[in-house]
Amino acid sequence: MALPGTSSGLHIAHIAAEMAPVAKVGGLADVISGLGKALQKKGHLVEIILPKYDCMQVDQVSNLKVLDVLVQSFFEGKMFNNKIWTGTVEGLPVYFIEPQHPANYFWRAQYYGENDDFKRFSYFSRAALELLYQSGKKVDIIHCHDWQTAFVAPLYWDIYANLGFNSARICFTCHNFEYQGTAPARDLAWCGLDVEHLDRPDRMRDNSHGRINVVKGAIVYSNIVTTVSPTYALEVRSEGGRGLQDTLKVHSRKFLGILNGIDTDTWNPSTDRYLKVQYNANDLQGKAANKAALRKQLNLASAYPSQPLVGCITRLVPQKGVHLIRHAIYKTAEIGGQFVLLGSSPVPHIQKEFEGIADYFQNNNNIRLLLKYDDALSHCIYAASDMFIVPSIFEPCGLTQMIAMRYGSVPIVRKTGGLNDSVFDFDDETIPMEVRNGFTFVKADEQGLSSAMERAFNCYTRKPEVWKQLVQKDMRIDFSWDTSASQYEDIYQKAAARARAAA
Ligand code: ADP
């Protein structure tokens, strides 16, 4: 273990748009706190910089206070003041930036989805770097995430390094290549980037149209580029890269896939305070009690404790295989199981479609659709379910299959991206029995999903002892951040050593 302040203890600053549980939309939030905590445990000084959103869960921040300094940052040709708040989230020091800008960039009652998102996050990226620069911190690694903070990489090397703020090396993680942040080239100038210098095919110009692409810029400008699983890292070098495959090939030497972990403190059935009864792999009675409690809470039939309950917790977006999720609901009804979906959609026609399905089943006591975001309920569903569906069309890493396993819910997933790196088919005799932990299918069609579900249901109903062992095995798998954080630590150390050598 490295000690802070020693040569091996690094100073790492994450600049991100989300962090669990204070500002969470999806898996990115879990990664920031999970990876941050694991690196802190290894002896590094980890700090997080977030926007100060009006809608964030302030009750999840301890010692929140505003600092006595104002940080000025550049935007659209002028300087703006930023109030800087500090606080602790999950034991990690966090800086929250509150722009004193008339457009109230982070006072919108939602995290994303505003017409001026490109402005909001280019503003934030610039202000975050300014905060680090003005504080005089000697940071070793600045780790930015997704398009919202991808601006950091070109800003750092084209502006701040020239000011002598150059001790750090930049790591960029792309959590999903579907979202790349494109805009007309001139919009780059808002945060002070040089449009002429960057609007070139080998820098930030998109590979297929005339706009600029911020994720491409971060790939070109960062010292380290990662994505969130080894299989996805392979997939994005071909069609999965959504136009960035050639850029990734050119920069392949600094690009790798590291499987995300999960925060095993937050996701721990033996201490989880949201659960009716806490339990562990040696006490599955507790799991059964949670199933009974959820059935009661959701008004589901409870006559047969061993009727299998299938869970699904997801953003309802095309990536997640919404037509397959819909199929899984009907299939479960057909083969005598129960289904609970917790999901919400930013896409109006998908939300509407699922509202229709929810209505259709509202008097059916085996199917329940809850079309909202609800963290507390998500814990109860992981604990109550026997199986968990993740039929994604593509999945950079996916956390829900890992969380499900930790709660003893056996995953049924499509073999893609991080699902392929974490779920191994129970019936596949080509892989060692000890790693087989769920049910998988390859083709993104109803047949493939149906047959995986049927195999899972058969095992559950016909071989309860085998199923129980599978559940216990899944609950004991180590999905903690420890291993993945060591991989990040290793690449950070190498980059920091190169930086020291260069200095
Ligand atoms: P993505 O980041 O693509 O949304 P991940 O599987 O990486 O998917 O992470 C999803 C995270 O968000 C998990 O922690 C999951 O429990 C949570 N989540 C997704 N939808 C909901 C919801 N409707 N309510 C509560 N939590 C949700």
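The following paragraphs lead through the ligand site, the salt bridges and one buried polar side chain of this predicted model.

The ligand is a convenient place to begin. Its surroundings comprise 20 residues, and the closest of these are Lys24, Gly27, Arg315, Lys320 and Tyr382. Several polar contacts can be followed from ligand to protein. At Gly27, a backbone N or O atom lies 2.6 Å from an oxygen atom of the ligand. Tyr382 contributes through its side chain, a polar atom of which lies 2.7 Å from a ligand oxygen atom. At Lys372 the backbone is again involved, with a polar atom 2.9 Å from a nitrogen atom of the ligand. The ligand taken alone exposes 560 Å², and the protein buries 92% of that area.

Which elements give two or more residues to the shell around the ligand? They are helix α1, the strands β12 (309-315) and β13 (338-344), and the helices α12 (375-384) and α13 (400-406). The largest share, three residues, comes from β12. In composition, the shell divides into seven nonpolar, seven polar and six charged residues. With regard to domains, the shell draws at least three residues from domain 1 (11-261 + 482-502) and at least three from domain 2 (284-476).

Helix α1 also leads to the salt bridges, of which the structure holds 25. One of them pairs Lys37 with Glu90, with the closest N and O atoms 2.8 Å apart. This pair links distant parts of the chain: Lys37 belongs to helix α1 (residues 27-41), whereas Glu90 sits in the loop between β4 (78-89) and β5 (92-99), 53 residues apart. The two partners can also be compared by accessibility. Lys37 has a relative accessible area of 15% and therefore counts as buried, since this value is under 20%. Glu90 has a relative accessibility of 31%, so this residue counts as partly exposed, between the limits of 20% and 50%.

Two further salt bridges lie within single helices. In the first, Asp117 is paired with Arg120, and their closest N and O atoms are 2.7 Å apart. Both residues lie in helix α2 (residues 117-135), three residues apart, which is about one turn of the helix. Asp117 and Arg120 are both buried.

The second joins Asp246 to Lys249, with 3.8 Å between the closest N and O atoms. These residues lie in helix α8 (residues 245-250), and their spacing is again three residues, about one turn of the helix. Lys249 has a relative accessible area of 47% and is partly exposed, because this value falls between 20% and 50%. Elsewhere, salt bridges that share partners join Lys37, Glu90, Asp263 and Asp265 into one network. The pair formed by Lys37 and Glu90 thus has both of its residues in that network.

The last stop is Asn290, in helix α9 (residues 284-297). Is this residue buried or exposed? At 4% relative accessibility Asn290 counts as buried, because the value is under 20%. A polar atom of the Asn290 side chain lies 3.1 Å from the backbone nitrogen of Lys276.

Note on methods:
Residues numbered from 1 in each chain as written. Predicted model: local features only at pLDDT ≥ 70, side-chain atom pairs only at ≥ 80, totals over all residues. Heavy atoms only, no water. Salt bridge = Lys/Arg side-chain N within 4 Å of Asp/Glu carboxyl O. Helix = DSSP H or I, 4+ residues; strand = E, 2+ residues; numbered from the N terminus. Buried < 20%, exposed > 50% of the residue type's maximum accessible area, 1.4 Å probe, protein only. Near = heavy atom within 4 Å. Polar contact = N/O pair within 3.5 Å; in protein donor to acceptor, adjacent residues only side chain to side chain. Areas by Shrake-Rupley, 256 points an atom, 1.4 Å probe, with all protein chains shown as cover. Nonpolar A, V, L, I, M, F, W, Y, C, P; charged D, E, K, R; others polar. Domains from an automatic or database assignment.
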